[in-house]
Amino acid sequence: MALPSLQSLVAKAQPGTTLRIPAGDYGPLVIDKPLKVEGAGVCFWGDGTEPALAVRSKDVVLREVFLRYAGSRANRAAPPIVLAVAAGNGPQFQNVRIQGSVSGLAGESEPWWLPDFLNLGELNTPKALFTLEIAVPVNCRLATRISGLDFDLPALVRGICQVRLRVRDLTPDSVIAGYVEVVSQQLVRLMPLIGRVTAFTKTPVLAVTCLARIPPDQRAQFARSPALKETNQHQKGANHTS
């Protein structure tokens, strides 16, 4: 279904009704009336200048959709905005997943820092440990559907967090792929993850590999943010767990 047809469906829909969108990829969409939008298997794409979804009305409910942006985030401190909510509106979300930034939504629009991509590289042991830094402005939790991947401390307290990932029960000549999810009360943010398992070494050594660190300039920016000024001591303690 082409974008004009989809936007015209919104234009024709009666306020307060449910709009069910067929699975597929769509360009940016504007919702300017009270609607419940359902879209299992639906992905809205922003183009870097327009958000994937703009909400300009009260009483909007969004279910089972994925919001992303096309192109590169080169020369941007933060990913392009994929969800823009006009002032005074408070949409409800049910299993809405995003890759990108948010504007106009309390708790979700403050500074976040998540890696664009997590590359575990080539693994040659049955299990491995990784660390990364992320910054979250609200309490949230980590989750994943990747088999054999878990976290020492899945509950995140707002601030700059030290996260430890563990992968186990690996088999040679296999691929690890999927998402690490950062789940807040309203949205699910996704970090793509991939790794490849090669033949195991005869004397495996379990080392801790750092996947991502917050750049110094952005760390200073986050330290000045009221939402992130408190360092997450709970997560820092993950560095001392075995």
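These legends walk through several close-up views of one predicted model.

**View 1. The whole chain, before zooming in.** Numbering starts at 1 along each chain as its sequence is written. Since what you have is a predicted model, local features need pLDDT of at least 70 and side-chain atom pairs count only at pLDDT 80 or more, while totals for chains, interfaces and linings use all residues, and side-chain values use heavy atoms, with hydrogens and water left out. The protein chain has 3 helices and 19 strands; helices (H or I, at least four residues) and strands (E, at least two) are DSSP runs, numbered from the N terminus. Of its 242 residues, 46% count as buried, where buried means under 20% relative accessible area, exposed means over 50%, and partly exposed lies in between (1.4 Å probe, protein chains only). Take the contacts in the protein chain with a separation of 6 or more: 61% of them come from residues 24 or more positions apart. A contact here is heavy atoms within 4.5 Å.

**View 2. The stretch to take with a pinch of salt, residues 230-242.** pLDDT, the predictor's confidence in each residue from 0 to 100, averages 87 for the protein chain, and 88% of the residues score at least 70. Over residues 230-242 pLDDT stays under 50, though the model still has 28 contacts there beyond four places in sequence. Where pLDDT is low, the predicted coordinates should not be read in detail.

**View 3. Strand S16 and its partners.** S16 covers residues 159-167, and 8 of its 9 residues are buried. Strand S12 (residues 128-136) runs antiparallel to S16, joined by 9 bridges; for pairing, DSSP has to find at least two bridges between two strands. To find your place, look for Ala-128, whose bridge partner in S16 is Val-167. S14 (residues 149-151) also pairs with S16 in the antiparallel sense, over 3 bridges, and here Asp-150 has Arg-166 as its bridge partner.

**View 4. The open sheet that holds S16.** Its 4 strands come in the order S14-S16-S12-S19, with mixed pairing. Which strands stand at the edges? They are S14 and S19 (208-212), and each has a single partner strand, so one side of each is left without a neighbour in the sheet. From one strand to the next, the twist averages 30°; the angles run from 0 to 180 degrees between N-to-C directions, with axes being lines fitted to C-alpha atoms, for helices over the stretch in contact.

**View 5. A second open sheet, with parallel pairing.** The order of its 4 strands is S3-S5-S7-S10. S3 (29-31) and S10 (101-103) are the edge strands, each pairing on one side only. The twist from one strand to the next averages 15°. S7 (residues 81-85) and S10 run parallel and are joined by 3 bridges, with Ile-81 standing opposite Ser-101 in S10.

**View 6. Strand S6 and its parallel partners.** S6 (residues 61-69) is joined to S4 (residues 36-46) by 8 bridges, and the two run parallel; Glu-38 has Arg-63 in S6 as its bridge partner. S8 (residues 92-94) pairs with S6 in the parallel sense over 3 bridges, and Val-61 is matched with Gln-92 in S8. S9 (residues 97-98) runs parallel to S6 too, with 2 bridges, and there Leu-67 stands opposite Ile-98.

**View 7. The second largest pocket.** Its volume is about 170 Å³, and 13 residues line it, of which Leu-123, Thr-125, Ala-128, Ala-207 and Thr-209 lie nearest its centre. The elements giving two or more residues to this lining are S11 (118-123) and S12. On a 1 Å grid over the protein atoms alone, a pocket is an open set of points with protein on both sides within 12 Å along at least five of seven lines, whereas a cavity is a set where a 1.4 Å probe fits but cannot get out; lining residues have an atom within 4 Å of a point. Grid points are joined across faces, edges and corners, and the volume is the space filled by probe spheres set on the points.

**View 8. Val-138 in its loop.** Val-138 is found in the loop between S12 and S13 (140-144). Is Val-138 buried or partly exposed? Val-138 counts as partly exposed because its relative accessibility is 21%. Leaving aside neighbours within four places in sequence, Val-138 is in contact with Gly-107, Trp-112, Leu-156, Arg-158 and Ser-184. Glu-110 is 28 residues away from Val-138 in sequence, and the two are 8.8 Å apart in space, C-alpha to C-alpha.
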